[in-house]
Amino acid sequence: MKNFYIGILFLSFIFVGCTARQPQYRIGVSQCLDDAWRQKMNYEMERELLLHPEMTLSRRIAYGSNELQCAQIDSFISERVDLLIVSPNEAEQVKPAVTRAYRAGIPVIVADRRVTGDEWTAFIGGDNYKVGSLMAQWVNSHLPSPATRRTLAILEVAGLPGSTPATLRHQGMMDGINPRIEVHSVMGSWYREEAYAVVSEFLAKHHNIDLIVAHNDLMAIGASEAVKDSELSTKKNIPIMGVDGIKPGLQAIVDGKIECTATYSSRGDMVIEAAAHILHKEPFVRDTVLETALVDVTAAYPMLKQDEAITRDLETLHIVQTQTENKWKQQQLDRFILILFVVFFFTLFLITLGYILFKQRKIQTEIKHEILPQLENMQEAIQLSRKDEAFAERLKQIVEEHLTDPNLSVEYLGTMLQLSRTQLFRRAKTAIGKGPLDYIRERRLIRADELLRTTDMTIQQVSLEFCFSSPGYFTKCYKEYFGHLPSVR
Ligand code: FRU
């Protein structure tokens, strides 16, 4: 019975589970960092995911650690995710884990930063070499005319050296930069604080820097803070360029902290779209390279406003999503409660039915084994008593007819009633409560008494009439029966 209820509960869960919207695909997202640019990318992914309820995301962040990122990718592999999206911290170091995932048959989308080799399914990211070219273009635009015979000294604040954007941005810049320009490089590793530290250290030693080019907006802001806090700030203005075009960078341009930035799209939405194509076995573009453009103060303000509007939209979307999810959960809960009720009442019904059936069977057994036999006994008893009555009638009749007959005896009665002596005695005992001899004698005494009282007959005459062997014997019997001696009229 216990198993029966567990079964019913289990079925209820399955029922609730089946009716619930079940995501079909689980996607692992391995992010190298968690800065503003990555958060934008995550937002874009989640927004796009609203159009794909069949997919669910599980995100892990490596916080700039190659080892952690490899371990996280390996855990995605052992969890058998349906697809892996990875933004590798450093190309070479993270490549083995990406290859493992790819070789395990998991489709891999590499986003933003590339890995070396080609064991991945699709790539979506910016054109970092072009970003480098834009940096060179911007730097070159600041070069005084050759007539002045003055040159420029610039400081490049580079991203993490092992990451493809840092390598390609540097390369793009170096390929396009005017050879007269003197290039110094420090490593900010993509972090604002790190950039502040290395730029401050650099500026403390070199005072002849004219421009700063940072590989991202956050490092550009860090550099601007370093300049502001250095001795140079009072002496000259050092224009700074960043990369990304995300909210903090655009704000820094509007605030005059940096001069411009090169856009570097995150396009998390495109990544999810590609994932959907791959999972649905639809055609997809293997290598998508996103455009970049220079943004100065004229473009920064409208872009910032647009960015704010998008953020607001996303927030609203999130609220709606959460509300929908809550409603969905509530609905599931209601459904579960309903099922519990149904199970409860069904159980109650079964228990009641079981009880009724049990009772009925008990009553049937009682009727069969107790009441029916009793009834039969009673019927038998009635029949017997009827027989006895008839027998008694017959016996009385014979006795009555032969009261004065000297032949009336037990044997005579036996012959008349076709019974043996013993049978006659037993049946007479049951039917009239006494043996046949006693009955004959009793009837003769009663009749004799009547005659004595109503006629002029003597004791001698009546004793003779009713076949007593002598008047003395009659008197003895009379006294025994009536308790007094017979008397004549
Ligand atoms: C964000 C970021 C961006 C940069 C990109 C390069 O984590 O550092 O600022 O453009 O990564 O992969």
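**Exercise 1. Find which side-chain atom of D112 type, N or O, or carbon, meets the ligand, and at what distance.**

Solution. An N or O atom in the side chain of D112 is 2.9 Å from an oxygen atom of the ligand. A polar contact is a pair of N or O atoms within 3.5 Å; within protein, one must be able to donate a hydrogen and the other to accept it, and residues adjacent in sequence count only if both atoms are side-chain atoms. The model is predicted: local features need pLDDT of at least 70, side-chain atom pairs count only at pLDDT 80 or more, and totals for chains, interfaces and linings use all residues. Residues are numbered from 1 along each chain as its sequence is written, and side-chain values use heavy atoms, with hydrogens and water left out.**Exercise 2. State how far the polar side-chain atoms of R113 and D244 lie from a ligand oxygen, and how much of the ligand the protein buries.**

Solution. For R113, the distance from a polar side-chain atom to an oxygen atom of the ligand is 2.6 Å. For D244, the corresponding distance is 2.4 Å. The ligand taken alone exposes 310 Å², and the protein buries 100% of that (Shrake-Rupley method, 1.4 Å probe; for residues, only the protein chains shown count as cover).

**Exercise 3. List the residues around the ligand and identify the space that the ligand takes.**

Solution. A residue counts if one of its heavy atoms lies within 4 Å of the molecule. The residues are L33, D35, W37, R38, D112, R113, P165, R169, W190, N216, D244 and Y264. The ligand takes the space of the largest cavity. A cavity is a set of points, on a 1 Å grid over the protein atoms alone, where a 1.4 Å probe fits but cannot get out; a molecule sits in it if more than half of its atoms lie within 2 Å of its grid points.

**Exercise 4. Which rings have an arginine over them?**

Solution. The criterion is CZ of Arg (or NZ of Lys) within 6 Å of the ring centre and within 35 degrees of the ring normal. R114 lies over the face of F123, 3.6 Å from the ring centre. The charged end of R286 sits over the ring of W120, at 3.9 Å from its centre.

**Exercise 5. How many aromatic pairs does the structure hold, and what is the geometry of F344 with F345 and of Y481 with F482?**

Solution. Rings of Phe, Tyr and Trp (its six-membered ring) pair if their centres lie within 6.5 Å; planes under 30 degrees apart count as stacked, over 60 as edge-to-face and the rest as tilted. There are eight aromatic pairs. F344 and F345 pair edge-to-face, 5.2 Å centre to centre with 75° between the planes. F344 is partly exposed at 47% relative accessibility (buried is under 20%, exposed over 50%, partly exposed in between; 1.4 Å probe, protein chains only). F345 is partly exposed, at 47%. Y481 and F482 are also edge-to-face, at 4.9 Å and 90°. Y481 belongs to one aromatic cluster with F468, Y473, F474, Y478 and F482.

Definitions and conventions
1 Å grid on protein atoms, 1.4 Å probe; cavity = no way out; pocket = protein on both sides within 12 Å on 5 of 7 lines; lining within 4 Å.
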